[in-house]
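Look at the chain below before reading on. The text after it deals with the packing of the interior and with two annotated positions.

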Amino acid sequence: MTNSFSRRGFLAASAAMVGTGAVAQTANSTEIEADISQGVQRNIASFRSLDWQPYFSNLNNGAILVDLQSRALHFWSEDEAIYKLYPTSVPLSDELTRTGRTEITRKVEGPSWAPTPSMKLRNPEWPDFIGPGPANPLGTHALHLSWQYYRIHGTHDTRKIGRRSSNGCVGLYNEQIAELYALSRVGTQVLLI
């Protein structure tokens, strides 16, 4: 009997080693997805372009639509010249989720973060304040909404995008929140559905 691998054996062993790394990356992740292979219709249209008219009566100051189910954020400029579509993170649970109409009330580059009172109750070990930088959960930019404590912001933890991982906010990759930050303005309409 020989101890050499065949090409097929080598590929199988390599795939097993790569799969082990993927499992390790999800340890302590923000969300553990249940097995959805049975009884769940896959949403193959999550990242499709949408028209703004079913959601907004006008594009004054631009418009942002956040679809929590497909985990996508749509942006339309006021003159309709720019349309952007971004993947997002969304709230962990329905209790943390807020839907409806709001608007951007403030824009902050290099935001600082402090947990809300309810976050601190759930997680007393969390720090009281984190300044701008790589440890900040708001990433590089934040768009404050008219709802207290709710923001559209970046994240340094790229594993969160596409998952239920926030305490109520909508997260984007830092590169994409920087782009949205530049495109949007105070007064931009926001609708979460």
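What follows covers the nonpolar cores and then the active-site annotation.

This is a predicted model, in which local features need pLDDT of at least 70 and side-chain atom pairs count only at pLDDT 80 or more, while totals for chains, interfaces and linings use all residues. Residues are numbered from 1 along each chain as its sequence is written, and side-chain values use heavy atoms, without hydrogens and water.

The largest nonpolar core (buried Ala, Val, Leu, Ile, Met, Phe, Trp, Tyr and Cys residues joined through side-chain atoms within 4.5 Å) has 20 residues, and those touching the most other members are Ile 64, Leu 73, Ile 152, Leu 172 and Leu 180. Two or more residues each come from β1, β2, β6, β9, α3 and β10; helices (H or I, at least four residues) and strands (E, at least two) are DSSP runs, numbered from the N terminus. Helix α3 gives the largest share, three residues. A second, separate core of eight residues includes Phe 56 and Leu 191.

UniProt, in an unreviewed entry, places "active site" at His 153 and Cys 169; positions use the numbering here, feature names are shortened, and annotations may be inferred rather than shown by experiment. The two are spread over 17 residues of sequence, yet cluster in space, with a largest C-alpha distance of 7.5 Å.

His 153 lies in strand β7, whereas Cys 169 sits in the loop between β8 and β9. Why does His 153 count as buried? Its relative accessibility is 9%, and buried means under 20% relative accessible area, exposed over 50%, partly exposed in between (1.4 Å probe, protein chains only). Cys 169 also counts as buried, at 9%. Leaving aside neighbours within four places in sequence, the contacts (heavy atoms within 4.5 Å) of Cys 169 include Tyr 149, Arg 151 and His 153.
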